[in-house]
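Me: I'd like to learn how to read a protein model. Can you walk me through a few features?

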Amino acid sequence: MVDHDWLSERFAEHQDRLRAVAYRMLGSPGEAEDAVQEAWLRVSRADTGQVENPAGWLTTVVARVCLTMLEARRSRREEPAGALPPEPAAGIRPSGQAGPEDEALLADSVGIALMVVLDTLTPAERLAFVLHDIFAVPFGEIGAIVDRSPAAARQLASRARRRVRGAAGASDATRSQQREIVDAFLAASRNGDFGALLDLLDPDVVVGEMRGSHAVAAFFSGRAQAARPALVDGVPSAVWSHHGRPKAVFTFTIADGKITSIAIDTDPDQLHDLDIVFLRAGDKGRDEP
């Protein structure tokens, strides 16, 4: 009973980290939760007498569960899970300002672009990259999980890192362009600059029941006074808040440098499930005063 109580306490202590490991391995909050639950079933039946590093041991168990799930997914030729809903327990951070490190973490470590790239890796490559580059697990421990030498584990992570970096360069350019367009749209809207709005909008832009650049420009001209640029589930967007709580999220579809549609979500339940990080406005990304 004492051992079980000790184990329950250690598992609860490290559960957030275990869930984060599983999430980045699998790309799905639901699968991550399943992996953590399966890990608990395994450790609850294990002999803990020789466990000297509970955090490392639990991480290894979760990683093995995730590896099995990734291999099963690959063998079934399933579609990747990487549509990437918000990370479990991340929540909305309406009062938080994103510094450069925070933005990089959200955009590059849990962003949609990275998850798409991770879904192209082999299960062993994905595990090696996630555990080493995101969670600083030594290659010796990673090698034991994938039944390879530390040197082989290092090579797995290196191959994965090259592919991730190659994709990140292209996705950074796309994300930067989208941020610039969203910032320009918000500025033109606040300033009532009808001509600038027309320049940003596709002639056939759609917003709800509204169609056409002139109708959409007229609707937004002089508005968006309180809307702010933000990353919403890793995508450059705009958010209107009231008393610190997001009330509306504006999601932009952009093609060939023009806004082709704007989706406006005001459903409180859906907004609560989004991961929102407010960004700095302006060309160099500085905070608004």
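Here we go through a helix pair, the cores and two loop residues.

Reply: Keep in mind that this is a predicted model.

Me: How do people describe two packed helices?

Reply: Two packed helices are described by the angle between their axes and the distance between the axes. Take helix 6 (residues 123-134) and helix 7 (residues 139-146): their axes come within 10 Å and cross at roughly 155 degrees.

Me: What does the angle say about how helix 6 and helix 7 run relative to each other, roughly parallel or roughly antiparallel?

Reply: An angle over 145 degrees counts as roughly antiparallel, so helix 6 and helix 7 are roughly antiparallel to each other. Their crossing is right-handed.

Me: Which residues meet where helix 6 and helix 7 touch?

Reply: From helix 6 you have Ala124, Leu127, Ala128, Leu131 and His132, and they meet Phe139, Ile142, Ile145 and Val146 of helix 7. Sort the residues of this contact by type and you get 8 nonpolar, 1 polar and no charged.

Me: Okay, now the cores. Which residues have the most contacts inside the largest nonpolar core?

Reply: That core has 41 residues, and the ones with the most contacts inside it are Ala22, Met25, Val62, Cys66, Leu127, Leu131 and Ile142. You've already met Leu127 and Leu131 in helix 6, and Ile142 in helix 7.

Me: Which elements give two or more residues to this core?

Reply: They are helix 1 (2-26), helix 2 (29-44), helix 3 (54-75), helix 6, helix 7 and helix 8 (150-191). Helix 1 gives the most, with 9 residues. For a look at one residue, try Met25: leaving out residues up to four places away in sequence, Met25 touches Cys66, Leu67, Leu70, Arg126, Leu127 and Val130. Apart from this core lies another one, of 21 residues, including Val182, Leu201, Phe220 and Phe250.

Me: Last topic: backbone angles. Where does Ala136 lie, and what is its phi?

Reply: You'll find Ala136 in the loop between helix 6 and helix 7. Its phi is positive, about 55 degrees, although Ala136 is not a glycine.

Me: Is Ala136 buried or exposed?

Reply: Exposed is the label for a relative accessible area over 50%; Ala136 has 61%, so it is exposed.

Me: And what about Asp256, buried or exposed?

Reply: Asp256 has a relative accessible area of 80%, so Asp256 is exposed. Look for Asp256 in the loop between strand 5 (245-255) and strand 6 (258-265). The phi of Asp256 is near 55 degrees, a positive value in a residue other than glycine.

Methods. Residues are numbered from 1 along each chain as its sequence is written. This is a predicted model: local features need pLDDT of at least 70, side-chain atom pairs count only at pLDDT 80 or more; totals for chains, interfaces and linings use all residues. Side-chain values use heavy atoms; hydrogens and water are left out. Axes are lines fitted to C-alpha atoms, for helices over the stretch in contact, and angles run from 0 to 180 degrees between N-to-C directions. Helices (H or I, at least four residues) and strands (E, at least two) are DSSP runs, numbered from the N terminus. Angles under 35 degrees count as roughly parallel, over 145 as roughly antiparallel, 65 to 115 as roughly perpendicular and the rest as oblique. A crossing is left-handed if the near helix is turned anticlockwise from the far one by less than a right angle, and right-handed if clockwise. Contact means heavy atoms within 4.5 Å. Ala, Val, Leu, Ile, Met, Phe, Trp, Tyr, Cys and Pro count as nonpolar, Asp, Glu, Lys and Arg as charged, and the others, Gly among them, as polar. A nonpolar core is a set of buried Ala, Val, Leu, Ile, Met, Phe, Trp, Tyr and Cys residues joined through side-chain atoms within 4.5 Å. Buried means under 20% relative accessible area, exposed over 50%, partly exposed in between (1.4 Å probe, protein chains only).
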